[in-house]
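Work through the two exercises below. Try each task before you read its solution.

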Amino acid sequence: PYTRAELVEKVAANLSTSRFEHCLRVEQTAIELARQNGADVERAAIAGLVHDYAKQLPDETFIAAIQANHFDPDLLNYGNAIWHGVVGAYFIERDLGIHDDIILNAIRRHTIGAPEMTLIDQILFVADFIEPGRDFPGIEQARQTAKADLAAGVRYEILNTLSFLIKGQKKIYPKTIDTYNAWVPTQE
Ligand code: DGI
Ligand code: FE
Ligand code: FE
Ligand code: FE
């Protein structure tokens with residue numbers, strides 16, 4: 001496997017400076033969350049460092065990969081926001097030599113979540129949302145909630161993201177709705 005220094009070099013070469021720095025902050029935040037929650041710190045760190053590796057690949061590269069590798073064709077109705085995680089994991093495995101499914105699944109799920117999320121899935125999902133460079137209405141509550149209870153942080157993020165997408169009249173990927181339905185607090 002590549003060393004951290006080699007991964008840093010490869011990630012940096014594929015991203016703008018600001019996006020690369022976001023990856024470093026997600027790595028650090030994921031390490032903190034892993035320590036607090038008794039998770040595998042090494043896996044959390046690697047997932048954080050590389051999670052947005054594919055974020056700046058051209059659309060045509062994603063479209064070709066979706067078609068050639070038998071991904072869900074419905075993905076073609078969405079864009080980079082969905083592709084860079086779900087399909088990005090394919091490029092991360094290929095280019096960065098990461099074959100660990102626990103890490104790859106966390107990357108696949110880092111934008112849209114999933115009804116069932118492993119500890120590493122939850123850590124990456126939340127670390128991406130609360131890393132110290134993030135600033136949006138509700139960020140302080142997101143940080144406090146996640147620090148007190150990781151799963152509560154996941155729930156807060158899902159509710160917040162869905163509201164934000166709908167407010168902006170964005171198309172919702174069906175798996176994002178599945179995630180929402182599984183995590184929304186049940187009501188009578
Ligand atoms: O890559 P990052 O900016 O660090 O963060 P991210 O991968 O968590 O999210 C990227 C964007 O994707 C974010 O603005 C929320 C958006 N998103 C999440 N689910 C959906 C979505 N966008 C659309 N259109 N549809 C979704 O279902
Ligand atoms: Fe992302
Ligand atoms: Fe995210
Ligand atoms: Fe990110």
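**Exercise 1. A helix with two sides**

Task: Which residues of helix α9 (residues 139–148) are buried, and which are exposed?

Solution:
- Step 1. This is a predicted model. Use the cut-offs: buried means under 20% relative accessible area, exposed over 50%.
- Step 2. Pick out the buried residues of α9: Ile 139, Ala 142, Thr 145 and Ala 146.
- Step 3. Look down the axis of α9. The buried residues fall within an arc of 130°, so they line one face of the helix.
- Step 4. Recall the general rule. An α-helix has 3.6 residues a turn, so residues three or four places apart point the same way.
- Step 5. Turn to the other side of α9. Gln 144, Lys 147 and Ala 148 are exposed there.
- Step 6. Find the cover. The buried residues of α9 are covered by elements including α8 and α10 (150–167).

**Exercise 2. An iron site**

Task: Which protein donors does the iron ion (ligand 2) have, and where in the chain do Asp 52 and His 110 lie?

Solution:
- Step 1. List the protein donors of ligand 2: Asp 52 (OD), His 84 (NE2) and His 110 (NE2). They lie 2.1 to 2.2 Å from the iron ion.
- Step 2. Write their spacing along the chain: D-x31-H-x25-H.
- Step 3. Place the pair. Asp 52 is in the loop between α3 (41–50) and α4 (59–68). His 110 is in the loop between α7 (101–108) and α8 (119–130). They are 58 residues apart, so the pair links distant parts of the chain.
- Step 4. Check burial. Asp 52 is buried, at 1% relative accessible area. His 110 is buried too, at 2%.
- Step 5. Locate the iron ion (ligand 3). It is 5.5 Å from the iron ion (ligand 2).

Conventions. Residues numbered from 1 in each chain as written. Chains lettered and ligands numbered in written order. Predicted model: local features only at pLDDT ≥ 70, side-chain atom pairs only at ≥ 80, totals over all residues. Heavy atoms only, no water. Donors = N, O, S within 2.8 Å, 3.2 Å for Na, K, Ca; no water. Helix = DSSP H or I, 4+ residues; strand = E, 2+ residues; numbered from the N terminus. Buried < 20%, exposed > 50% of the residue type's maximum accessible area, 1.4 Å probe, protein only. Arc of directions from axis to C-beta. Contact = heavy atoms within 4.5 Å.
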